[in-house]
Amino acid sequence: MGLLIGLMFGLGLLLIWRAATTEPVRKAKVEPRWRVELSDLIAQAGIESVTPGQVIASSAGIGIFVFVSTLVVSQAPTIALCFATFGAWSPLALLRWRQRQRGSELREVWPEIVDNLASAVRAGLSLPEAIAQIGVRGPEVLRPPFVRFGQDYRTSGRFDESIDRLKATLADPVGDRIIESVRMAREVGGSDLGRLLRTLSSFLREDARTRAELETRQGWTVNAARLALAAPWLMLGLLSLRPEAVRAYNSASGVVVLLVGGALSLVAYRVMLRIARLPTEQRVLR
């Protein structure tokens, strides 16, 4: 009996000591989906030092400014609210436009990045050195992230953390594939990395050529659809300078016309984007 009591007492002391010296396990903070998507949009647009909160704040500020300015000019709250909605959406529209522009630029240079990496590996450079040298010899548009990778790796010596930061900065599906291929080659080794990179380079060139042809063919149609969508609202802006038009849109029937017109414009714009949208690769290797 005494042996059992002593054993239980010792076990209790051990549990107390473990509880006092072990840090509690903290659950990883899960960010909202909209914040993750907005962060990816900012990174893919190539804009640094901007947070999702700042984008939301700028949208709200622009919307309020446009509402007040339009209200002062037109004296019509309904018209001011319509244009304030467009103003609030403008930062996101600018980010998406910049994302498309940068995506087109990156599709042209990714094959060159892969070729430089394959050449460096064939020349006998280590994988961190091969990645860092892209910041010196690679395309201008992608040099800064790879320069920062080289500085980060030389400072910390931690390859995984440095390449994770590079992947987060690039925020590109093709970049994710290249980085994970390099990471796997470093961890498990293998002699097929050069062949893999050459195959990937050929595939990326073919994909970029096909997508460029499709975007050229659909460009005129999409721009014409956007012009047709914007024309009624530009006309509304001109009509808001006439007192009789302001009185008409301040009435109940005028509010209904604006609400129905706004809803139809939104639906038409979304349908146009849906029809004209080309397949895009998603980031599955975050």
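This briefing walks through the helices, one helix in detail, two hollow spaces and one unusual loop residue. Keep in mind that you're looking at a predicted model. The chain has 12 helices and zero strands, and 31% of its 286 residues count as buried.

**The overall layout**

- If you read along the sequence, you'll meet the pattern α-α-α-α-α-α-α-α-α-α-α-α.
- Take the contacts between residues at least 6 apart in sequence: 63% of them join residues at least 24 apart.

**A look at helix α7**

- Helix α7 covers residues 143–156, which makes 14 residues.
- At 1.5 Å a residue, α7 should span 20 Å, and its end C-alpha atoms are indeed 20 Å apart, so the expected span and the model agree.
- Which residues of α7 are buried? They are P145, F146, F149, G150 and D152.
- Look down the axis of α7 and those buried residues fall within an arc of 165 degrees, so they line one face of the helix.
- Spin round to the other side of α7 and you'll find R154 and T155, which are exposed.
- What covers the buried residues of α7? The cover includes α4 (77–122), α5 (127–132), α6 (134–137) and α8 (159–170).
- Just after α7 comes G157, which has a positive phi, near 75 degrees.

**The largest cavity**

- Searching the whole structure turns up one cavity of 30 Å³ or more.
- The largest cavity has a volume of about 70 Å³.
- To find it, pick out the residues that line it: W110, I113, L117, I131, F146, L166, L170, G175, I178, I179 and V182.
- F146 is worth a second glance, since you've already met it among the buried residues of α7 and it also helps line the largest cavity.
- α4, α8 and α9 (173–188) each supply at least two residues of this cavity's lining.
- The largest share, four residues, comes from α9.
- Sort the lining by class and you get 10 nonpolar residues, one polar residue and no charged ones.

**The second largest pocket**

- This pocket has a volume of about 360 Å³.
- How many residues line the second largest pocket? There are 20, and A43, I47, E48, A168 and T169 lie nearest its centre.
- Helices α2 (33–44), α7 and α8 each give at least two residues to the lining of this pocket.
- Helix α2 provides the largest share, at five residues.
- By class, the pocket lining has 11 nonpolar, five polar and four charged residues.
- Helix α8 is a handy landmark here: it supplies at least two residues to the lining of this pocket, and at least two to the lining of the largest cavity as well.

**An odd one out: Q75**

- Most residues other than glycine have a negative phi.
- Q75 isn't a glycine, yet its phi is positive, at about 60 degrees.
- Where is Q75 found? Look in the loop between α3 (52–74) and α4.
- Is Q75 buried or exposed? Its relative accessible area is 54%, and exposed means over 50%, so Q75 counts as exposed.

Notes
Residues are numbered from 1 along each chain as its sequence is written. This is a predicted model: local features need pLDDT of at least 70, side-chain atom pairs count only at pLDDT 80 or more; totals for chains, interfaces and linings use all residues. Side-chain values use heavy atoms; hydrogens and water are left out. The expected span of a helix is 1.5 Å times one less than its number of residues. Buried means under 20% relative accessible area, exposed over 50%, partly exposed in between (1.4 Å probe, protein chains only). The arc is that of the directions from the helix axis to the C-beta atoms. Contact means heavy atoms within 4.5 Å. On a 1 Å grid over the protein atoms alone, a cavity is a set of points where a 1.4 Å probe fits but cannot get out, and a pocket is an open set with protein on both sides within 12 Å along at least five of seven lines; lining residues have an atom within 4 Å of a point. Grid points are joined across faces, edges and corners, and a volume is the space filled by probe spheres set on the points. Ala, Val, Leu, Ile, Met, Phe, Trp, Tyr, Cys and Pro count as nonpolar, Asp, Glu, Lys and Arg as charged, and the others, Gly among them, as polar.
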